Amino acid sequence: MADLSKRSPALRVAIVGLGPIGIKVAEALDRGIDGLVLSAVSVQHPDKHRDWLAKLSRPPAILPIDGLAEVADIVIECAPSKLVRSIVAPFVKSGKTAVVLSAGALLENDDLIDLARQNGGQIVVPTGALIGLDAVTAAAVGEITSVRMVTRKPVRGLAGAPYIVENNIDIEKITEPLRIFEGTAREAAKGFPANLNVAVALSLAGIGPDRTRLEIWADPALTRNMHRVEVESDSARFSMSIENIPSENPKTGRITALSVIAWLRKQRAALRVGT
Ligand SMILES: NC(=O)C1=CN([C@@H]2O[C@H](COP(=O)(O)OP(=O)(O)OC[C@H]3O[C@@H](n4cnc5c(N)ncnc54)[C@H](OP(=O)(O)O)[C@@H]3O)[C@@H](O)[C@H]2O)C=CC1
Ligand SMILES: O=C([O-])CC(=O)C(=O)O
């Protein structure tokens, strides 16, 4: 039988944003993840979510973002990228953990990483909609010579991106696959802030946002968001690809929420697999 006296108190988790990612993570926490409890959520329109939240077995508090650090040890950011700073700073400043899905925003707010370092906090970028960041971080312990990613998305998954608007690309009129972007992960984060967090996560795991190269294709025949990554290093050469089924938000792959749930399950697990 488990010796209950050896158990640490439950880690309190807060979620910002109840879009497709936040809802799935909240449901998983409410069903039960060993040693974790959902203490609070923050949303833009609380009235839209009140009924749903009341049906959870342990409804969390609905709080403004600046009230979360008082009631939680971990915050999961699954909200618009402009909110990353206001969500992450209070947690890492008090030595706590912030899980960031809008990874692109970390490039313009990289002082948050110093803030975490100085205060014993931690910023976690989960694998999210991508694949194989464990292999990329392992290869980066040695020397990586190149990381290339090719993303292919249905037109719906790219609509509204600033790069498309600024360059007057009429993606609705595309009838065959078209390469609409070629550049670095840093450039992609600016041009596609809600569509290419994965490229930034890959760059942070490997050789950084200025050396990670990316192509983006709009493909009207696709129904899935596809990412193919190729890595050359002094320990291994590998390529990986993933075909993501979109969630209710066509920009967000279903697997993203599952990646966060998998990370949460590891926090108090007796066996952790993968780095
Ligand atoms: N790293 C990765 O692999 C991936 C990252 N992402 C990123 O994850 C993030 C979340 O995506 P997704 O789940 O699709 O979310 P959505 O974009 O569909 O929803 C955003 C949520 O944020 C909430 N929100 C907006 N403004 C505020 C505010 N001021 N205060 C509190 N909450 C607010 C909204 O509240 P309300 O419902 O009340 O309007 C909504 O619930 C996005 O930035 C996306 O780009 C997505 C896929 C993969
Ligand atoms: O990176 C993102 O923000 C989303 C993405 O590509 C995906 O879900 O496949």
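# Notes on two ligand sites and their surroundings

1. A good place to start is ligand 1, where one of its oxygen atoms sits 2.7 Å from a backbone N or O atom of His-45. Another backbone pairing puts an oxygen atom of ligand 1 at 3.1 Å from a polar atom of Gln-44. At Leu-101, a polar backbone atom is 2.9 Å from a nitrogen atom of ligand 1. The protein covers 85% of the 950 Å² of accessible area that ligand 1 has on its own; such areas come from the Shrake-Rupley method with a 1.4 Å probe, and for residues only the protein chains shown count as cover. The term polar contact stands for a pair of N or O atoms within 3.5 Å; within protein, one must be able to donate a hydrogen and the other to accept it, and residues adjacent in sequence count only if both atoms are side-chain atoms.

2. Before going on, a word on the basis: this is a predicted model, in which local features need pLDDT of at least 70 and side-chain atom pairs count only at pLDDT 80 or more, while totals for chains, interfaces and linings use all residues. Residues are numbered from 1 along each chain as its sequence is written, chains are lettered from A and ligands numbered from 1 in the order in which they are written, and side-chain values use heavy atoms, with hydrogens and water left out.

3. How many residues surround ligand 1? There are 27, and the closest are Leu-18, His-45, His-49, Ser-102 and Thr-252; a residue is near a molecule if one of its heavy atoms lies within 4 Å of it. By class, this shell has 14 nonpolar, twelve polar and one charged residues. Here Ala, Val, Leu, Ile, Met, Phe, Trp, Tyr, Cys and Pro count as nonpolar, Asp, Glu, Lys and Arg as charged, and the others, Gly among them, as polar.

4. Now for ligand 2, which has 13 residues around it; Lys-153, Asn-197, Val-198, His-227 and Gly-253 come nearest. Its oxygen atoms pair with the backbone at Asn-195 (3.2 Å) and at Val-198 (3.0 Å). A side-chain N or O atom of Asn-244 is 3.1 Å from an oxygen atom of ligand 2. Taken alone, ligand 2 exposes 270 Å², and the protein buries 94% of that. Helix H9 and strand E10 are the elements that give two or more residues to its shell; helices (H or I, at least four residues) and strands (E, at least two) are DSSP runs, numbered from the N terminus. The shell has four nonpolar, seven polar and two charged residues.

5. His-227 deserves a look of its own: an unreviewed UniProt entry lists it under "active site". UniProt positions are given in the numbering used here, feature names are shortened, and annotations may be inferred rather than shown by experiment. His-227 lies in strand E10 (residues 225-233). It counts as buried because its relative accessibility is 3%; buried means under 20% relative accessible area, exposed over 50%, and partly exposed in between (1.4 Å probe, protein chains only). The His-227 side chain makes a polar contact of 2.9 Å with the side chain of Thr-151. Leaving out residues up to four places away in sequence, His-227 touches several others, including Met-149, Lys-153, Val-198 and Asn-244; contact means heavy atoms within 4.5 Å.

6. Asn-197 is part of helix H9. With a relative accessibility of 18%, Asn-197 also counts as buried. Its side chain reaches the backbone nitrogen of Gly-104 at 3.1 Å. Beyond four places in sequence, Asn-197 touches Leu-101, Ser-102, Ala-103 and Gly-104.

7. Is Asn-168 buried or exposed? Exposed, because its relative accessibility is 69%. Asn-168 sits in the loop between helix H7 (162-166) and strand E8 (178-184). One point to check there is the backbone, since Asn-168 has a positive phi of about 50° although it is not a glycine. Most residues other than glycine have a negative phi.

8. On the domains, the unreviewed UniProt entry lists "Aspartate/homoserine dehydrogenase NAD-binding" for residues 17-126. That stretch is 40% helix and 18% strand, with its end C-alpha atoms 16 Å apart. The annotation "Aspartate dehydrogenase", likewise from an unreviewed entry, covers residues 174-261. Over residues 174-261 the chain is 26% helix and 35% strand, and the end C-alpha atoms are 36 Å apart.
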